[in-house]
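Hi,

Here is the model I said I'd pass on. Have a look at it first, and then read my notes underneath.

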Amino acid sequence: MDRESQVSMEHDYDGMMADSDCESSSDSGFRQFKEFSEIGMVKVEEDQGEHGVIKKTLLGGMGFIGNEINLVAIHKNSHSSVTGQAKLEAFQIYCQAVAARRGGDANLRYGWYGGSRDEICDILNFGFENSSSSQGNGVYLSPANLLIESALRAEEDENGVRHMLMCRVILGKTETISPGSKQLQPSSIDFDSGIDNPLEPTKYIIWTAYMNTHIFPAYIISFTAPSLAGWGTNWSSAKKPSSPSMKFQVLMKVLSRFLPPSKMCLISNYYNDFRANKIGRPLLIRRLRSLVGDNVLISVIKMCKDQRN
């Protein structure tokens with residue numbers, strides 16, 4: 001069983017999605033999270049079981065900087081309004097439909113989505129509207145066990161706090177999508193969603209047509225991450241690296257802080273193949289982008305350049 005499955009099994013799905021009995025009396029006391037309360041989010045207290053599960057997932061998914069993360073608050077989607085209840089029921093119906101098509105398994109996972117506080121609130125109010133297109137046109141989420149890319153998307157608010165959505169995601173049957181793909185939908189009726197790497201995905205791609213039926217925002221996780229401050233918040237406007245201008249060993253050293261050993265081993269093998277003239281430089285870069293993800297790679301290269309200067 002992979003780490004993602006273990007995370008999913010730590011807390012029963014129905015329990016995670018169940019209506020809260022009551023709203024925390026202290027929730028309204030936090031002006032910082034007033035907007036969350038107004039859209040039906042309920043604060044999860046530290047003595048509640050799901051708080052520990054989510055905290056463990058957050059810190060573990062941040063890799064070697066997990067011990068530098070400060071979890072500020074967790075808010076749960078109470079789906080107590082008529083609209084909220086309808087969205088939950090619709091998600092459950094789609095989950096059953098996908099499972100019926102895929103041999104009884106909807107491939108239900110947890111996925112992270114980072115953004116500004118305003119964007120997070122808009123998603124909970126109106127649904128997903130924006131989509132990315134660097135690897136197919138859809139909503140990109142990070143797996144539960146490797147969420148650094150979504151953490152980079154999470155913009156600091158005026159209090160220095162970042163916010164991410166922890167969502168339930170219907171993946172169904174996945175297909176591998178290459179960097180630069182212009183794909184808009186599944187390549188055939190045999191597939192439901194996309195991933196960037198079949199062995200160890202760093203990105204879930206939910207096509208635009210499915211973004212408000214196959215994704216259910218379950219929690220808002222608010223946190224501070226001082227170690228991410230130097231990575232910049234304007235990652236989306238950064239140019240994609242076409243020619244890394246620092247030593248590859250330096251790049252690998254920084255990447256090792258965030259990537260699991262299995263991925264670092266693959267990167268090392270690719271580099272050794274390059275040095276042995278078994279593969280060309282363009283192929284090395286393509287493999288690195290596919291394995292790491294553009295957003296993480298851009299941020300790491302920028303950080304390396306800043307430190308060098």
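Which residue just after helix 5 takes a positive phi? It's G103, at about 70°. Before you read anything into the angles, keep in mind that this is a predicted model.

Since we're there, let's start with helix 5. It runs over residues 82–101, so to speak 20 residues in all, and spans 29 Å from the first C-alpha to the last, close to the 28 Å expected at 1.5 Å a residue. Its buried residues are G84, L88, F91, C95, V98 and A99. These sit on the same side of the helix, because they cover an arc of only 100° around the axis. That fits the usual geometry: an α-helix has 3.6 residues a turn, so residues three or four places apart point the same way. Turned away from the buried side is a face with the exposed residues V82, I93, Q96 and A100.

Now for two asparagines. Most residues other than glycine have a negative phi, yet N107 has a positive one, near 55°. N107 lies in the loop between helix 5 and strand 3 (108–115). N277 also has a positive phi, near 60°, and belongs to the loop between helix 9 (261–275) and helix 10 (281–292). Buried or exposed, N107? Buried, with a relative accessible area of 17%, which puts it under the 20% cut-off. N277, on the other hand, is exposed at 70%, over the 50% cut-off.

Next, strand 8 (residues 204–207). Y204 and I206 point one way from this strand, I205 and W207 point the other way, and all are buried. Strand 8 has antiparallel pairings with strand 4 (residues 138–143), through four bridges, and with strand 7 (residues 193–195), through two. In the pairing with strand 4, V139 stands opposite I206; on the strand 7 side, G194 has I205 as its bridge partner.

Last one: C167, in strand 5 (residues 162–170). What does C167 touch, leaving out residues up to four places away in sequence? The list is R109, Y110, G111, L141, I215, F216, P217 and A218. With F216, the C-alpha to C-alpha distance is 5.3 Å, although the two are 49 residues apart in sequence. C167 counts as buried, at 0% relative accessibility.

Shout if you'd like to go through any of this together.

Cheers

Definitions and conventions:
Residues are numbered from 1 along each chain as its sequence is written. This is a predicted model: local features need pLDDT of at least 70, side-chain atom pairs count only at pLDDT 80 or more; totals for chains, interfaces and linings use all residues. Side-chain values use heavy atoms; hydrogens and water are left out. The expected span of a helix is 1.5 Å times one less than its number of residues. Buried means under 20% relative accessible area, exposed over 50%, partly exposed in between (1.4 Å probe, protein chains only). The arc is that of the directions from the helix axis to the C-beta atoms. Contact means heavy atoms within 4.5 Å. Two strands pair if DSSP finds at least two bridges between them.
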